Amino acid sequence: MVEDRRRCLLVAVLLASADAVRPAVATRPPAVRTAAPVMIMDQLKKIADDGALAVKQAAAEKVVGERVAAKLAAAQAKYDIPQKYTNLMQSFFTSYMTEIYLADRDLDEYEQILSTLMKKVLETAQEPHTFQPFHEAIRAPFDYYKMGCDFANGMVDADRSLVLGAEQIEKMQQQIAAGDNVVLFANHQSEADPQIFSVLLDPKVPGFAEETIFVAGDRVTTDLLAMPFSMGRNLLCIFSKKHVDNPPELKSTKQRHNRMVMKTMQQLMTDGGKCIWVAPSGGRDRPSDDGKYEVAPFDSKSIEMFRLMSAKADRPTHFYPLSMFTYPICPPPTTVGGEIGEQRTVKYFPAALHFGEEVDVSRFSEGCVTDNFPAGCDANSSRDELREALAKHVHSIVSSNYQDLAAKLDMP
């Protein structure tokens, strides 16, 4: 019966769509029938494919939505879940399992992964995890890292995904093994960037993504849906400039926390052998008015902070540009700085990384504060000018490599 309704709906869609593309012609005597132009046949085939996909997706969303709703109803009876998060989980989990179905992934496997995630979200809703300035991934008694990677793996089209500049990773691994530090200056597109980073790299360079430390804003450590994923990563947890002042009564507490993060990061770099990922933009890339994604501008102060810390660490630090193409899988909201608990959708899609060559920051000599201080400074360039020049240089590399990734994946 359900299959019959699907066929009827598909036929209706095809007929309506064919009428829409059929050119209007004046009444004329019957003519000899000829083969339809190839372009029309292509259009009709596309309409048929689109119609079939729409029917399949609608049916999947209905069935999946009912199953997710049943699970949430049972959970609601046991846990006191804020209504806002119940609605968010309903839409997010329905979107996820629908994409699993449409991508012909193993439904039983990913439903189990989803059930595990739902349980962890509900547990943290009851007892939120408190993130220290430096949070180390929780791997036991429950492995949050594995859960996050398993969940993200369902959304990543691995066969079409790309990792370019892999030879740079080999250099980084050698540098880290020697006790040097590595800093990745990256663009940021999705909440799931750390997990996608691991999904793409774990099969190729085991341990590299797993040990990477991510500089994370407060959104991913306070949002109930994001929290279980964050618990599985090594994080330097900081309050971004956008959120430090809100609410005003917590400003001093947040500033004190940020100072502790800086102190902790300095110690980590002094210890050496660390790889730190940071988005100098301070947030995720957003689409322009025409819907095209571009790498958001980099904050020169953020890059300068890492340069200064590396100078104090008494260990060599190597800076690499990293371009990340991830937004189709879990796109950011169109607005910036909304309240915690954003609406989320997911899509099965390839992702891509491009590791650029090491940036020699010594080329951007430090400007003088006063005459010949610090020693060897360039009196002809102000500190601000040189700081901006370095930020623009790194941004141009990340942006250029990003556009190359988008072109390779046939994205506008």
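This passage describes the nonpolar core, two helices, the salt bridges and one buried glutamate of a predicted model.

In this predicted model, the largest nonpolar core has 101 residues, and the members that touch the most other members are Leu184, Phe197, Leu201, Phe208 and Phe355. Helix H3, which covers residues 83-102, provides the largest share of this core, with eight residues. The surroundings of Leu184 can be followed in some detail: once its neighbours within four places in sequence are left aside, Leu184 is in contact with Met172, Phe197, Cys275, Ile276, Trp277, Val278, Tyr320, Leu322 and Phe355. Two of the residues in that list, Phe197 and Phe355, are also named among the core members that touch the most others.

Met172, one of the contacts of Leu184, is among the buried residues of helix H6, together with Gln168, Ile169, Gln175 and Ile176. Viewed down the axis of H6, these buried residues fall within an arc of 120 degrees, and therefore they line one face of the helix. Gln174 and Ala177, by contrast, are exposed on the other side of H6. The buried residues are covered by elements that include strand E3, helix H7 (193-201), helix H8 (208-211), strand E6, strand E7 and strand E8 (352-355). As to its length, H6 comprises the 12 residues 166-177, for which a span of 16 Å is expected at 1.5 Å a residue, and the 17 Å between its end C-alpha atoms agrees with this value. Just after the helix, Gly179 adopts a positive phi of about 95 degrees.

Helix H12, formed by residues 300-312, can be described in a similar way. Its 13 residues reach 19 Å from the first C-alpha to the last, which is close to the 18 Å expected at 1.5 Å a residue. Buried positions in H12 are Ser300, Ser302, Ile303, Glu304, Phe306, Arg307, Met309 and Ser310, a list in which polar and charged side chains appear beside nonpolar ones such as Ile303 and Phe306. The buried residues of this helix pack against strand E3 (181-186), strand E4 (213-216), helix H11 (251-271), strand E6 (275-278), strand E7 (317-325) and helix H13. Strands E3, E6 and E7 thus occur in the surroundings of H12 and also among the elements that cover H6. At the start of H12, a side-chain oxygen of Asp299 comes to within 3.1 Å of the backbone nitrogen of Lys301, while just after the helix Asp314 takes a positive phi of about 60 degrees.

Charged side chains were examined next, and the structure holds nine salt bridges. One of them joins Glu123 and Lys120, with a distance of 3.2 Å from N to O; both residues lie in helix H4 (residues 107-126), three residues apart, which is about one turn of the helix. The two partners differ in their exposure, because Glu123, with a relative accessible area of 28%, is partly exposed, whereas Lys120, at 10% relative accessibility, counts as buried.

Helix H13 (residues 383-408) contains a further pair, Arg387 and Asp384, which are three residues apart and are therefore separated by about one helical turn. The closest N and O atoms of this salt bridge are 2.7 Å apart. Arg387 is partly exposed at 22% relative accessibility, and Asp384 is likewise partly exposed, with a relative accessible area of 46%. Another salt bridge links Lys408 to Asp404, the closest N and O atoms lying 3.2 Å apart, and these two residues of H13 are four residues apart, again about one turn of the helix. Here too both partners count as partly exposed, Lys408 with a relative accessible area of 45% and Asp404 at 29% relative accessibility. Elsewhere, Arg139, Asp143 and Glu210 are joined into one network by salt bridges that share partners.

A last acidic residue, Glu99, is placed in helix H3, the helix that gives the largest share of the core. Since the limit for a buried residue is a relative accessible area under 20%, Glu99 counts as buried at 11% relative accessibility. Apart from residues up to four places away in sequence, Glu99 touches Met155, Val346, Lys347 and Tyr348. Its C-alpha atom is separated by 9.2 Å from that of Glu61, although the two residues are 38 residues apart along the chain.

Definitions and conventions: Residues are numbered from 1 along each chain as its sequence is written. This is a predicted model: local features need pLDDT of at least 70, side-chain atom pairs count only at pLDDT 80 or more; totals for chains, interfaces and linings use all residues. Side-chain values use heavy atoms; hydrogens and water are left out. A nonpolar core is a set of buried Ala, Val, Leu, Ile, Met, Phe, Trp, Tyr and Cys residues joined through side-chain atoms within 4.5 Å. Buried means under 20% relative accessible area, exposed over 50%, partly exposed in between (1.4 Å probe, protein chains only). Contact means heavy atoms within 4.5 Å. A salt bridge is a side-chain nitrogen of Lys or Arg within 4 Å of a carboxyl oxygen of Asp or Glu. The expected span of a helix is 1.5 Å times one less than its number of residues. A polar contact is a pair of N or O atoms within 3.5 Å; within protein, one must be able to donate a hydrogen and the other to accept it, and residues adjacent in sequence count only if both atoms are side-chain atoms. The arc is that of the directions from the helix axis to the C-beta atoms.
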